[in-house]
Amino acid sequence: MKILLLGDASNFHITLARALRNLGHNVTVASAGSMWMNTQRDIDLQRRPGHIGTIRYAYTLAREIPKMRGYDIVQVHNPFFLTLKPQKLRPVLAYLKRFNGKLVYEALGTDPNYVKACTECRLFRYSDFRIGWDQSPYAMANKKEELEWLKPSMVSYTNHFVDTVDGIIACLWEYYATYQALGYPKLAYGGIPIETADINYTPMSEAPEKVKMFIGIQRKRSMLKGTDVLLEAAQKIVAEMPELCELKIVENMPYSDYVKALEASHVMLDQIYSYTPATNALLAMARGMVAVSGAEPEFYRLIGETENHPIINIDPRSLSDVETKLRKIIENRANLPTMSRNSREFVIKHNDSITVAKRHLDFWEKL
């Protein structure tokens with residue numbers, strides 16, 4: 001197939017592209033590089049700030065969009081797949097639909113339908129925006145964001161977008177559940193691709209004398225993902241048991257540097273509001289690290305995993321749960337070698353990039 005992957009988040013599309021190429025397909029990735037992550041792409045669609053940046057971006061789109069035709073599959077990472085207002089996205093969406101085979105939405109992140117599901121509190125016990133029926137710390141600190149997502153113009157465009165695409169494939173249980181609840185007919189779960197064969201994995205032969213914890217902070221998203229809560233809890237545990245554990249902190253690091261920074265750590269502190277482990281956790285697990293992240297029963301049921309549940313799931317409705325589980329990891333560090341092997345095996349089974357690519361191919365072929 002000839003495939004265009006338009007937009008990216010956390011290296012998802014470029015990783016998927018490499019797997020698809022290994023399977024014999026012709027793939028182009030056009031993206032803005034996921035902001036500071038500066039992920040690889042074949043066509044650069046980054047919009048620089050300022051008046052000059054706007055002019056250059058308009059020139060880039062005028063040059064590149066006419067080339068985005070003749071593909072068997074065009075997969076976009078978000079309804080807002082270009083840095084344009086909804087009214088300007090509509091004609092681009094129509095162009096992609098008219099001049100290509102199938103148009104697919106890869107649900108990779110927040111959109112108005114997901115925000116609506118979060119705020120209505122029917123699907124999720126907790127989310128980025130609600131803890132039970134209460135606003136999350138992020139929602140309270142960023143009240144305008146929730147309103148922005150749910151503006152009539154955003155909702156109207158998103159509904160139009162969903163009606164236009166030929167299918168939706170979700171990377172997380174949360175996004176899958178959102179569109180399943182809306183009764184979307186052509187829906188699949190794809191998972192997040194991880195290049196497990198290229199990741200350095202050294203089995204943990206014995207329990208470490210000192211547990212090395214790692215946390216990566218995105219300054220603008222720390223409260224959204226709950227890394228601020230994890231950071232506070234981890235610092236408290238290190239202060240309590242400095243001879244048994246330590247904490248490495250990195251902030252807003254380019255993707256390639258971030259991957260290198262993971263080396264030599266044992267435990268990844270990822271996020272607390274997710275039902276599903278995302279890219280950071282899976283990358284760490286592929287290296288044999290133990291992930292503190294989202295892993296609710298709904299996720300394990302969706303992927304059909306009944307035995308290997310290696311992720312340390314945090315319940316954000318009980319903040320004491322964070323400290324208790326981190327303390328338990330340190331006190332029971334003799335279990336880390338087994339947990340390390342289980343983490344690596346989990347990612348190979350469920351998230352190897354070739355496995356995820358084949359799920360996408362199966363879905364596209366059904367369309």
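Two strands count as paired if DSSP finds at least two bridges between them. In this predicted model, strand 13 (residues 290-293) and strand 14 pair in the parallel sense over two bridges. Looking at that pairing up close, Val292 stands opposite Ile312 in strand 14.

Zooming out, these strands belong to an open sheet of five strands, ordered 11-10-12-13-14, with parallel pairing. Strand 11 (245-251) and strand 14 (312-313) are the edge strands, each pairing on one side only.

Now for some helix packing. The axes of helix 3 (residues 86-98) and helix 7 (residues 152-164) come within 11 Å and cross at roughly 5°. Angles under 35 degrees count as roughly parallel, so helix 3 is roughly parallel to helix 7. On the helix 3 side, the contact uses Pro86, Leu89, Arg90, Leu93 and Lys97. They meet Ser153, Met154, Ser156, Tyr157, His160, Phe161 and Thr164 in helix 7.

Then there's the empty space. The count comes to two cavities of 30 Å³ or more, and the second largest cavity holds about 40 Å³ of space. Its lining is made up of Cys171, Tyr189, Gly191, Ile192, Thr276, Pro277, Leu282, Phe299 and Asn351.

Here's how the residues of the helix contact and the cavity lining divide up:

| Residue set | Nonpolar | Polar | Charged |
|---|---|---|---|
| Contact of helix 3 with helix 7 | six residues | four residues | two residues |
| Lining of the second largest cavity | six residues | three residues | no residues |

Definitions and conventions. Residues numbered from 1 in each chain as written. Predicted model: local features only at pLDDT ≥ 70, side-chain atom pairs only at ≥ 80, totals over all residues. Heavy atoms only, no water. Axes fitted to C-alpha atoms, helices over the stretch in contact; angles between N-to-C directions. Helix = DSSP H or I, 4+ residues; strand = E, 2+ residues; numbered from the N terminus. Parallel < 35°, antiparallel > 145°, perpendicular 65-115°, else oblique. Contact = heavy atoms within 4.5 Å. Nonpolar A, V, L, I, M, F, W, Y, C, P; charged D, E, K, R; others polar. 1 Å grid on protein atoms, 1.4 Å probe; cavity = no way out; pocket = protein on both sides within 12 Å on 5 of 7 lines; lining within 4 Å. Points joined across faces, edges and corners; volume = space filled by probe spheres on them.
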